[in-house]
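Take a look at the structure below. Start with the bound ligand, then turn to the backbone.

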Amino acid sequence: MCGIVAYVGPKEAYPILVKGLKRLEYRGYDSAGIALYNEGINIYKKKGKVANLEEFIGDQSVVGQIGIGHTRWATHGKPDDTNAHPHYSGNGDLAIIHNGIIENYAPLKEALINEGHTFHTETDTEVLIHLIEELQKRDNLSIEEATRIALTKVIGAFAIVVMDKKDPGKLVAARKASPLVIGIGDNEFYIASDATPIVEHTNQVVYLKNEEIAVLTDKGEFSLKTIANIDQTPFVQELDLKIEELEKGGYDYFMLKEIHEQPKTIADGMRGRLSAEEGWIRLGGIHEYENKIINANRLIFVACGTSWHSGMIAEYLIEELARINVEVEYASEFRYRNPILSENDVVIAISQSGETADTLAALEMAKEKGALTYGVVNVVGSSIARITDAGSYIHAGPEIGVASTKAFTGQVTLLTMMALSLAHKKGMIPKSEFSRILAEFENIPAKIEQLLQSCDSQCQKIAEQIADANNALYLGRGINFPVALEGALKLKEISYIHAEGYPAAEMKHGPIALIDENMPVIVTATNMGSYEKIVSNVQEVKARKGKVIAIVFEGEQEIKKMADYTIEIPKTEDMFTPLLTVIPLQLLSYYIALIRGCNVDQPRNLAKSVTVE
Ligand code: G6P
């Protein structure tokens, strides 16, 4: 949510910043802006995407070897040129970029107005830079000291970079809750919200810790302290990120690329963690805590969005296979509802980005209450990965499309391994059966590959038939109910069609009233146990002239006779079906969004990494 990039060093900053902003655009694209130092601070900013900013700058000479850039996801103040970052201080000497929310901006603003400050924007960020200016002026402080003291006075979340025209050649960067990474080059530094703008320049990085403030200069100096003024030593790490992973690789959109990557990312997530031949599953992170998890009072999954759907699948799997109590909570609800938690509970956060503000806060609360915390995360080194007691990465690689695809299947793969491993440890699955199940699990990437080939053109054709719909209903039972939720979320996220996911039997309690010949109903009908019941649900839809798109196992005949369209998936164990049934749902959403002329990778109002609550 909001992307930050900054540079100080011997090179021209503008091309570095623009390229960096493009890499970060998935975090927000309401406006983009850049500030460069060239005998003064010059700010260029524009509503809309980075491309709009480039067009606006056109042939203007943009010179400077120190600069900051921002791509915005609006919180305080509408998305327009004025509210776009960077923001000047009142005297124009300072400029700031900010990701996060300053919650106490209103009283601070009032106090500053009383001191004679005038504000030109509706943002909380402008208040912060005026506060820094005020402290600097009042006590004749350096920019770093004024920034540090200002940050002790604000409540909320922030990642900021500040520059000062009176002290050029220096950037001050700080964070609390929102992420910030510093790349170290040759007498130069790159600062960004994540490593994607940095990787092509250097692989030496320092992840700023919570409440740290760094000063970086064009002389190659790097000093670090806490906001509470305690000196720190930067911990330099090597980045494990490949530039190709950040490119579209011949696909029109990142989302399509990421859908097609799934056979590989799922195999990567399994690699070294299971062997069908030898009959074992080993999740490194879980090993030490396995007994605690098995004997836990409850496992509580906390997550948001797509990751919450993965948590629901985990609930079905772990309760069914390992007979351990599971609850799944929206992180945003859990953190504020004073839940009953004890040392015997295990709180498991699922997060692609590892930075979602509500999920982070839920974990912090769980830690305070003494629960063991575990992270199921994609982004290596992210905040959730760092604050949890233990965890497992899903190894899906960078996911750039705002609508999550490969991270979802990566999470489901990891959580399925977790469920099987716990069940095995508890002795709930006989050895020969366990090996047979694992052998089938190992086949899943190949089956997805086969499915991607077989259903792509079919999904395109179905998309053409239903792209004009105003509403859509997704139905599933058991473990495929969360898949129905995920299918509906994918459709509304990127095509702006109103869609709802329902447990198939619940349709009778409301949504059935909406069904007519214009309503596409996408039904997942692969569950062995409840197949006949789903057949009845399909009949109910057809009786009301609904348009049925059914996802069934290959060779299935009964539903095929009733459905308007059927998409066949390769046969597999019930427990693995979400990894297959979700694939046509992803493709359908993708093609519908394309037909409707939507920007698939950057849907309106959404952001990939939601670092504000
Ligand atoms: C945003 C994204 C979703 C994602 C959700 C949770 O809404 O657009 O794709 O599922 O945040 O994010 P996380 O990074 O915690 O999985």
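The shell around the ligand is made of 8 polar residues, 4 nonpolar ones and 1 charged one. Keep in mind that this is a predicted model.

Where do these shell residues come from? Domain 2 (268-442) and domain 3 (450-603 + 606-610) each supply at least three of them. Among the secondary-structure elements, look for helix H10 (residues 305-322). Helix H10 gives the largest share of the shell, 3 residues.

Now move in closer. There are 13 residues around the ligand, and the nearest are Ser307, Ser351, Gln352, Ser353 and Thr356. Which of their side chains make polar contacts with ligand oxygen atoms? Ser351 is one: a polar atom of the Ser351 side chain lies 2.6 Å from an oxygen atom of the ligand. Ser353 also has a side-chain N or O atom 2.6 Å from a ligand oxygen. For Thr356, the distance from a polar side-chain atom to an oxygen atom of the ligand is 2.4 Å. How much of the ligand does the protein cover? On its own, the ligand has 390 Å² of accessible area, and the protein covers 91% of that. The ligand's site is the second largest pocket.

Leave the ligand now and follow the backbone. Find the loop between strand E4 (66-72) and strand E5 (87-88); Pro86 lies there. The peptide bond leading from His85 into Pro86 is cis, and its omega is near 0°.

Another loop links helix H4 (124-139) and helix H5 (143-153), and it holds Asn140. Asn140 is not a glycine, yet its phi is positive, at about 50°.

Notes:
Residues numbered from 1 in each chain as written. Predicted model: local features only at pLDDT ≥ 70, side-chain atom pairs only at ≥ 80, totals over all residues. Heavy atoms only, no water. Near = heavy atom within 4 Å. Polar contact = N/O pair within 3.5 Å; in protein donor to acceptor, adjacent residues only side chain to side chain. Areas by Shrake-Rupley, 256 points an atom, 1.4 Å probe, with all protein chains shown as cover. 1 Å grid on protein atoms, 1.4 Å probe; cavity = no way out; pocket = protein on both sides within 12 Å on 5 of 7 lines; lining within 4 Å. Sits in = over half its atoms within 2 Å of the grid points. Helix = DSSP H or I, 4+ residues; strand = E, 2+ residues; numbered from the N terminus. Nonpolar A, V, L, I, M, F, W, Y, C, P; charged D, E, K, R; others polar. Domains from an automatic or database assignment.
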